[in-house]
Amino acid sequence: MIEESVFKRAIAQDPRAWEELLAAYGSLIYGTAIRVGCGPDDAADVSQKVWVSLFEGIGSIRESQALPRWLAVTTKRIAVHHLTSQRRHYGDEIVDEHMSSDPSVEELLAAEDEAARVRKAIEQLPEQCRQLLPALFENEKVEYHQVSQALGVPVGSIGPTRARCLAKLAKILAKKDA
Amino acid sequence: MTHPNLEQIALWVEDKLSSPAETQEHMNSGCVPCSEEATRLTNLGPIVREALFSNMPKETQDHLNAVVQTRIESLSAFLVASLVQDSYALEGVRGAATDTRHLRFESGDLAIVLQVEPGPKTGSSNLVGQIYAPDQYDLEGGKVQLLGEKGEALETTSDDLGEFFIDAIPEAPFTVEFSKDELKLRALIP
């Protein structure tokens, strides 16, 4: 959640305030597009459309607290429209591979809260884990030998290191749950 | 009974056969709390993946910051003309893709008149426009920029009557900017 003063400065077109807004809500927008069914390239396109819509329409949003919901609703609408127009261009099969179920705005907001909590916990891990986990999990199909080459670590050490990192992460998340 | 710690359980989840014999024995004994920890650790992989995959990449963030920066700079320099006539609004509904859309924007004694007309390819559109300004302004060679909402930027120049043409334009909304010397005018096409 951003401060009301940042929101007011963004309405007044202060570039720094817009950077702060993006740092706070960029992943709500991008993540919502992903959760609605976009791949990374489409999510980037949708994010840009949402960001321009916000720039054009921020004056109509009454307060900063209304912003997350406005962004989730707008992103979902633009992402669905984007995927539907792709369906018209490329046929149903390709798009359907990426189409998720139809999450509600509440579910999208809750999913981003949870993802943000996990990202914060990852930031508290040792350097080795902060390098390894993104390399292992950011893409769908990653082989250990690819990670070994990218990070310059022996293939045999990746599994045990991954296990230790997940154990550390589970501890951090459990502490925050308590 | 001594339970393995979380790290030992994680190593067992990762590679059951390589973990120490006592961990394997304990985990295979059906210990409920340790099985629950193992399930939690197994489920953590997809949770981490979702958290990282849904995080906006740095290059997208940089690009969006640049888009807004450009818009702010542009707004501070340009007079924003108001939409006073839109054939789509008059019709009450969006026209079909084959219709020509007529728009008029005004700011004081300046005006931009635009026509969005179907292009030669199916679904494509062209923009025909004219700037109207008092006689003291020389409109020839004015820079006309079309800025799409996905960052598209198309450019042309106006002739001595202030007329211009841009083909293969993106779908609305987009912005048209005209600039020549001190005359800077901007219209947002909804």
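These notes concern a predicted model and take up the domains of chain B and the interface that chain A forms with chain B.

1. For a reader coming to chain B without background, it helps to begin with its domain assignment, which gives domain 1 as residues 6–53 and domain 2 as residues 73–189. The C-alpha centres of these two domains of chain B lie 62 Å apart.

2. Turning to the interface, 47 residues of chain A are in contact with 36 residues of chain B. Between them, chain A and chain B bury about 3,900 Å², and 68% of that area is on carbon and sulfur atoms. On the side of chain A, the three residues A:Leu22, A:Gln48 and A:Phe137 supply 15% of the area that chain A buries against chain B, which is more than any other three residues give.

3. As for polar and charged pairings, the rule finds twelve residue pairs in polar contact across the interface of chain A and chain B, with both residues at pLDDT 80 or more. Four salt bridges are also found across this interface. B:Glu50 forms a salt bridge with A:Arg35, where the closest N and O atoms are 2.7 Å apart.

4. The side of chain A that touches chain B draws at least two residues from each of the helices H2 (15–36), H3 (40–57), H6 (105–123), H7 (127–137) and H9 (155–177) of chain A. Of the contributions to this side, that of H9(A) is the most, with twelve residues.

5. By residue class, the side of chain A that touches chain B divides into 26 nonpolar, eight polar and 13 charged residues.

Definitions and conventions:
Residues are numbered from 1 along each chain as its sequence is written. Chains are lettered from A and ligands numbered from 1 in the order in which they are written. This is a predicted model: local features need pLDDT of at least 70, side-chain atom pairs count only at pLDDT 80 or more; totals for chains, interfaces and linings use all residues. Side-chain values use heavy atoms; hydrogens and water are left out. Domain bounds come from an automatic or database domain assignment. Contact means heavy atoms within 4.5 Å. Buried area is the accessible area (1.4 Å probe) that two parts lose on being put together, summed over both. A salt bridge is a side-chain nitrogen of Lys or Arg within 4 Å of a carboxyl oxygen of Asp or Glu. A polar contact is a pair of N or O atoms within 3.5 Å; within protein, one must be able to donate a hydrogen and the other to accept it, and residues adjacent in sequence count only if both atoms are side-chain atoms. Helices (H or I, at least four residues) and strands (E, at least two) are DSSP runs, numbered from the N terminus. Ala, Val, Leu, Ile, Met, Phe, Trp, Tyr, Cys and Pro count as nonpolar, Asp, Glu, Lys and Arg as charged, and the others, Gly among them, as polar.
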